[in-house]
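Reader: I've got a model open on my screen and I'd like to talk it through. Could you walk me around it?

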Amino acid sequence: MVKGVRNVEFLFEQIYQYVLRKIEQKVWNEHHKLPSIRQLAKEMNVHRLTVHKAYQLLKKNEVIYVKDKIGYYVQSNGTKQTENLENPIVSSYVRKNHLSEIHQVPVTYNFSQALIDPNLLPNHFLSDYVKKVFDLYPKVLSSYSTVQGDLELRESLTKYFINQYKKHIDATELLITSGSQQAIHIIAEAFVKAKDIILLERPSYSPAIDIFIEKGAKIISVDIHSNGYDLDQVEYLMKHYKPRLFYLNPTFHNPTGYTVPNSQRKQLVELAEKYRCLLVEDDVYHDIYFVGKPPPPIYTYDTVGTVIYVRSFCKYISPGLRIAAIICHSSLLQSLMIVKSLTDNGSPLLNQKIFLHYFSSKRMQQHLEKLRIAISIRKEIMEEKLSVTNWQWTSPNGGLNLWVRLPQHISIEKLLTKCFEHSISFVPGQICDPLKQQTSWIRLSYSYINEHQLRDGLKSFVEVVESLEE
Ligand SMILES: Cc1ncc(COP(=O)(O)O)c(C=O)c1O
């Protein structure tokens, strides 16, 4: 079955990484005998061929060697081989965050950051609220927030969600986090342990892939299309692999911009309930729509506590304030709060108070309305500048990204190097792919640079791609 083959291929990469990590962490030193193929296959609950394939690649890369009929051993310089791959100080325990590496390269034409141009954000208004907050709460910097988050903010968000989605929630079911990035990390810490099976969309938000791999989870991918998921595939995977959770970003999905239709949302919750799989709904782009409001969150269909809803407000109010909320059943929230307390004892109170006063103001709605128009104009500029090519994409109705397919013969690695030389950045699709195979796709964000830079940068970008086609 095609689905099965794909997943096995990815499991092989995870076994490859597992061995590398053991060597990096010096759990397995030089000439250490590796577990036999049979043993590791049993331990990891995978087919022997999968382990064999990983061992063959490790051998080819001179990380391990084989003694005929005896077994596989760590090369004398095998540790060095892995050290060469990554910084020896941090690499022992930390995998790469590919996206942040790209963001670290300073460029003029930045198509890699899924962020909003700071000139479009309400900087002026926020500074008014800073003054107001210090008047209202003179001791705001002398106090911790509670771990769960400021009660006044949680109550205000609760009212907002009830008003928007007509679903009853209580302030006790909310946890304030420092951005949705932290929320995903906390959820992974609380609910995923090594070897757990989890489902991720393909493609997916790349730091989320890195977080779950770091936890040692076995990842199985679920294709996302412009019309949502293949629910038969989802049911098959839930039934046969009994995944712990399914992390999804169903509204103006990053990187594709797709939105899972309303008709699938309720069914997804029913499947998750039936197979006891948590749904982690990451909803960062919900308010950034161009045509009409998106369908209500999947969370609104949850009746028994199957969905953990993550809603960030960072993108369109202030990425620097780092405010997001997790909403879920109180039994799940208890575990998340323990991890949150161990992480940072609660998000900064000052940030929460500034956010609270701006969020509940009339200015916020006016800002959002103008912002949607400004971002949709930038999206149109990008599409217009790319219309001279034969590249493929589906025009998104919201979000910050265009997911573009380039001609197959273009090497994305070469393209990225060349683009950096021209002060241009983008995100290679492969890092958004849990299977690391989507080699012709790239993500271009249209929201970070201004209209003038967009036109100039895209003109150069098309020329760079064309120069590689010759
Ligand atoms: C799908 C998705 N989840 C989470 C995040 C992290 O956002 P935050 O700034 O809220 O941490 C992003 C940012 O790009 C994202 O696209």
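Author: Sure, here is a run of questions and answers about this predicted model.

Reader: Let's start broad. Which residue ranges does the domain assignment give for domain 3?

Author: The assignment splits the protein chain into three entries, with domain 1 at 2-89 and domain 2 in two pieces, 99-120 + 364-469. Domain 3 is given as 123-362.

Reader: And how far apart are the C-alpha centres of domain 1 and domain 3?

Author: Take the C-alpha centre of domain 1 and that of domain 3. The separation between those centres comes to 35 Å.

Reader: On to the ligand. Which helix gives the largest share of the shell around it?

Author: The shell has 13 residues, and G179, S180, Q181, S312 and C314 come nearest. Helix α8 covers residues 179-191, and G179, S180 and Q181 are among the nearest residues. With 3 residues, the largest share comes from helix α8.

Reader: How many charged residues are in that shell?

Author: By class, the shell has 6 nonpolar and 6 polar residues. What remains in the class count is charged, and that number is 1.

Reader: Now the sheet of 7 strands. Which strands are at its edges?

Author: This open sheet runs in the order β4-β10-β9-β8-β7-β5-β6, and its pairing is mixed. The twist from one strand to the next averages 20 degrees. An edge strand pairs on one side only, and that picks out β4 (174-178) and β6 (218-223).

Reader: Within that sheet, what stands opposite S312 in β10?

Author: Strand β9 (residues 307-312) and strand β10 (residues 323-327) run antiparallel and are joined by 4 bridges. S312 also turned up among the residues that come nearest the ligand. Opposite S312 in β10 stands A324.

Reader: Which strands does helix α12 lie across?

Author: Helix α12 spans residues 330-344. Its direction is at about 30 degrees to β4. The strands it lies across are β4, β9 and β10.

Reader: At what angle do α8 and α12 pack?

Author: The axes of these two helices are 9 Å apart, and their crossing is right-handed. On the α8 side the contact uses I186, I187, E189 and A190, which meet S335, L336, V339, K340 and T343 in α12. By class that contact has 5 nonpolar, 2 polar and 2 charged residues. The packing angle is about 115 degrees.

Reader: Any odd peptide bonds? Which residue does a cis bond join to P203?

Author: P203 sits in the loop between β5 and α9. The bond has omega of about -5 degrees. The residue joined to P203 by this cis peptide bond is R202.

Reader: Where is P255, the partner of N254 in a cis peptide bond?

Author: The cis bond between N254 and P255 has omega of about 15 degrees. P255 itself is found in the loop between β7 and α11 (262-274).

Reader: What about backbone angles: where does K166 lie?

Author: K166 is not a glycine, although its phi is positive at about 55 degrees. Helix α7 (151-165) is on one side of its loop, and the loop is the one between α7 and β4.

Reader: Which residue in the turn of the β1 and β2 hairpin has a positive phi?

Author: Strands β1 (residues 64-67) and β2 (residues 71-74) run antiparallel, joined by 4 bridges. One of the partnerships is I64 with V74. There are 3 residues between the strands, and the one in the turn with a positive phi, about 60 degrees, is K69.

Reader: Last one, the sheet of 3 strands. What is the bridge partner of R405 in β14?

Author: The order in this open sheet is β11-β14-β13, with antiparallel pairing. Its edge strands are β11 (401-405) and β13 (427-428). β11 pairs with strand β14 (residues 441-445) over 5 bridges. In β14, the bridge partner of R405 is W441.

Conventions
Residues numbered from 1 in each chain as written. Predicted model: local features only at pLDDT ≥ 70, side-chain atom pairs only at ≥ 80, totals over all residues. Near = placed C-beta within 6 Å. Nonpolar A, V, L, I, M, F, W, Y, C, P; charged D, E, K, R; others polar. Axes fitted to C-alpha atoms, helices over the stretch in contact; angles between N-to-C directions. Left-handed = near helix turned anticlockwise from the far one by under 90°. Contact = placed C-beta atoms within 7 Å. Domains from an automatic or database assignment. Pairing = 2+ DSSP bridges.
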